[in-house]
Amino acid sequence: MRRFGRTLVTAALAVTVVGGTAGWASGESQSAVTGPPPGTAAWRADTAYGPLPDPATATPHEVARFFAGLDDAARTALVRTHPLVVGNLDGAPVPLRYEANRLAVIATGEARYASLAAPDRRILAFDPRGRGQVAEVFGDLEHAAHVSVIVPGSDNDATSHDARRAPHTGPAGMARALRTATETPVADGSVADGPVAARSVAVIAWTGYTTPVGVGLDAADGRLAAAGAARLARFTAGLDAVGAPDPVLFCHSYGSVVCGLAARHTDAADIVALGSPGMRADTAGDLRTGARVWAGRGPSDWIADVPNVSFAGIGHGADPTSAAFGARRVPAADVRGHAGYFTPGTQSLAAFAAIAKGEVR
């Protein structure tokens, strides 16, 4: 009975502490955005090019085969007629998704999204429902030899995805930092361009699920993570369908809960948990993935104060950095705070770059 009481108290403490990147703010309950994208009904009703793949049931490989059978005129017509569907259709050709999402962002008419339509942005997914979701590519996804996906934690959405904040934090900031760390320098100290650069790493900032807001039950339970895991699994299947390499998943804070639940359903080469409250597994083996599993936590990261429990659905389980969990360790002794893992010059970013480039065996 005493052990049960201690567990109950610890679980209650987890509710008040577990969170993401916002700090010590009270949380509010979020409704997960799930299902096919807006415009799906009109897409299903369009018979100009035969039966279109159903966004709710067609696999990404089926989507890829459908687009492979279309000529350029038909592809362009579908992009212009159904931008929100094509832009979010995993398995559709990457350039079509970029153009479709540019049109979809413009069509919202919302100032908060306007910057995503800039000519230099490569938006691979955009969903304006709820707080908004977005996936952005840094680098050349079509020709990269390696692909990494940043899976962020709480308080991230399409508006805050690239918001001004401390450098090298937030989904886009982390992705840019990793991309820069993996670029190939040439003799004069500049960065390689052309064929050499094309063989480098593409990094995707994937704010593709409804994240918790602040600290509250949403951050302490797995409801939003489970919905996010299904979306992440389909997203990575879409990368596979267009011929991208098996990705490395860099999972920060609550994002590591998402990755833990998605692990068995992805073809990730590596899964890296950083600043993690737990991955809903007792050991790395329990993730049931063929990926190598890594974990790191800085000495001043407040996530260390989160109890690693799982009780009545509350809490996310074992500490991924513990020896008993069995993950490979990422050096993080010089990381400051909860969001400093991608800061240039840190041991963690150097390790991330090596993992992203496939240099670690």
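Visitor: How much surface does the protein chain expose, and what share do carbon and sulfur atoms supply?
Guide: The protein chain exposes about 14,900 Å², with 55% of that supplied by carbon and sulfur atoms. Keep in mind that this is a predicted model.

Visitor: What share of the residues counts as buried?
Guide: Of the chain's 361 residues, 54% count as buried. As for secondary structure, the protein chain has twelve helices and eight strands.

Visitor: How do I read a pair of packed helices?
Guide: Two packed helices are described by the angle between their axes and the distance between those axes. Try H10 (residues 223-241) with H11 (residues 254-262): they pack at an angle of about 60 degrees, with axes 8 Å apart. That makes H10 oblique to H11. Their crossing is right-handed.

Visitor: Which residues make that contact of H10 and H11?
Guide: On the H10 side, look for Arg223, Leu224, Ala225, Ala226, Gly228, Ala229 and Leu232; H11 brings Tyr254, Val257, Val258, Cys259, Leu261 and Ala262. By class, there are eleven nonpolar residues, one polar and one charged in the contact of H10 with H11.

Visitor: And what about H4 and H6, at what angle do they cross?
Guide: H4 (residues 72-81) and H6 (residues 94-108) cross at roughly 30 degrees, and their axes come within 9 Å. Angles under 35 degrees count as roughly parallel, so H4 is roughly parallel to H6. The crossing of H4 and H6 is right-handed.

Visitor: Which residues meet there, in H4 and H6?
Guide: Arg75, Val79 and Arg80 of H4 meet Leu96, Glu99, Ala100 and Leu103 of H6. This contact of H4 with H6 has four nonpolar, no polar and three charged residues.

Definitions and conventions:
Residues numbered from 1 in each chain as written. Predicted model: local features only at pLDDT ≥ 70, side-chain atom pairs only at ≥ 80, totals over all residues. Heavy atoms only, no water. Helix = DSSP H or I, 4+ residues; strand = E, 2+ residues; numbered from the N terminus. Buried < 20%, exposed > 50% of the residue type's maximum accessible area, 1.4 Å probe, protein only. Areas by Shrake-Rupley, 256 points an atom, 1.4 Å probe, with all protein chains shown as cover. Axes fitted to C-alpha atoms, helices over the stretch in contact; angles between N-to-C directions. Parallel < 35°, antiparallel > 145°, perpendicular 65-115°, else oblique. Left-handed = near helix turned anticlockwise from the far one by under 90°. Contact = heavy atoms within 4.5 Å. Nonpolar A, V, L, I, M, F, W, Y, C, P; charged D, E, K, R; others polar.
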